[in-house]
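Biologist: I would be grateful for a close look at the salt bridges in this structure and at the loops associated with them. Please take one part at a time and describe the setting of each residue.

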Amino acid sequence: MDNNRYQIMMEARGVVCCKCGQRLSLLTQNSTGVKCPVCNIMNPVPTCERSRSKDCRIEKLYIKAKEKISGRDLSISSEKTESLNKMPSPLEISRSSSGTRTARKRALLIGVTYKRKHKLKGTINDVKSMREFLINNFRFKEENILVLTAEHDTTKKNILQSMEWLVKDCQAGDSLVFYFSGHGFRRLDFEGDERDGFDENICPVDFTREGMIRDNEINSLIVWPLKKDVTLHAIVDACSSGTILDLEYVFNREQKKWEDNSPPSGNARKHTDGGLAISVSACLDHENAADTSAFTKTMNGAMTYLLINILKKYPGLTYGDLLDMMHEELSKFNEGGCLPAKFLRKIFNDLLSQSPQISSSQPFDVYKRHFIL
């Protein structure tokens, strides 16, 4: 998913501080300067940004006026996408009921397609495959799987609300799954709680207007609430997703050991409330993840396709074996074929240069613990 990374960066950055790079908010349409909240430097606002800000406000006023007339939310395109939720959706049931849930298995599956220059072709295929995999291989019930693929479902606001739904009233024995297929991006960390100096982010469909969802937010929403004997698996097929949950331990596959990923700042909380969170990511934080047809005729996230097909073929694998086999399959693709094919893949940058990674809130023996959802 690396073809759009430059455009994503330009769309997301807006006006930034010329000294520290902090993203700045425009206060008024006539604003010619804005003060950075981090380093207190005054920054001039380019004319093009002032014009764009004004145009955005006019567009929002126009949309609000039409919403009042029609009674519908018009801020997101009304493009129709076939619903994969059993109706009514789990989120609708949750909103209409105040009772405590009884489901032992719950899943939130998100596939964002975006528009035009950011568009991805394989995310809905990924979600369909993951949904079928959970139902047929791990006995998840349709009514306990919430699927977000339509544009109006994959907004930042709705994704955050759905994360809250996933962990709400979690109880001992619960198995929760968070799955995301879409764009990911890393940005400078200004809070001092990242060992590599970068925050990892996922991009909702409206990230150019509402912003990305940071690893800190994801951690606080679906990691903090995990009570004792509750297990969360996050499977994230996106660029820069290695530590997207900000979990405290990262498995180093080369050295066969867990590495400390706890925040260097003692004030930051990254742990659970006694439960276990495990994340399987498509790549390391500095790598790109592929949306590809390398393994099948349809477009898919490479990691999603490999994970599902390996576990279908070899049910009951350990985490370590699964990780090794995904790496082996990626290597086979990159090294496979005749010499001209290898050369062309390098010339056209068509290599799957990603390294799936596992992180966890607690260290465990990855070659003894079996992958069970």
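Modeller: A salt bridge is counted here when a side-chain nitrogen of Lys or Arg lies within 4 Å of a carboxyl oxygen of Asp or Glu. The model is predicted, and a search of the whole structure finds 16 such pairs.

One of them joins the side chains of Glu-194 and Lys-270, with 4.0 Å from N to O. Glu-194 belongs to the loop between S8 and S9, whereas Lys-270 belongs to the loop between strand S13 (257–260) and strand S14 (276–281), so the salt bridge ties together parts that are 76 residues apart in sequence. As to accessibility, residues under 20% relative accessible area are classed as buried. Glu-194 is therefore buried, its relative accessible area being 8%. Lys-270 likewise counts as buried, at 5% relative accessibility. The pair also takes part in a wider arrangement: a network of salt bridges links Asp-193, Glu-194, Asp-246 and Lys-270.

The two strands that flank the loop of Glu-194 are themselves connected by a salt bridge. Arg-186 pairs with Glu-200, and their closest N and O atoms are 3.8 Å apart. Arg-186 lies in strand S8 (residues 184–188) and Glu-200 in strand S9 (residues 198–202), so that this pair links distant parts of the chain, 14 residues apart. Both Arg-186 and Glu-200 are buried.

A further salt bridge is formed by Arg-253 and Glu-254, with 3.6 Å between the closest N and O atoms. Here the setting is described by other classes: Arg-253 counts as partly exposed at 22% relative accessibility, while Glu-254 counts as exposed at 66%.

Lys-256 is found in the loop between strand S12 (249–252) and S13. Its backbone deserves attention, for Lys-256 has a positive phi of about 55 degrees although it is not a glycine. Most residues other than glycine have a negative phi. At 44% relative accessibility, Lys-256 counts as partly exposed.

Asp-229 also has a positive phi, near 70 degrees, and is a residue other than glycine. Asp-229 sits in the loop between helix H7 (215–222) and strand S11 (231–237). With a relative accessible area of 49%, Asp-229 is partly exposed.

To return to the pair described at the outset, Glu-194 and Lys-270 meet in a salt bridge, and both belong to the network that includes Asp-193 and Asp-246.

How values were computed:
Residues numbered from 1 in each chain as written. Predicted model: local features only at pLDDT ≥ 70, side-chain atom pairs only at ≥ 80, totals over all residues. Heavy atoms only, no water. Helix = DSSP H or I, 4+ residues; strand = E, 2+ residues; numbered from the N terminus. Buried < 20%, exposed > 50% of the residue type's maximum accessible area, 1.4 Å probe, protein only.
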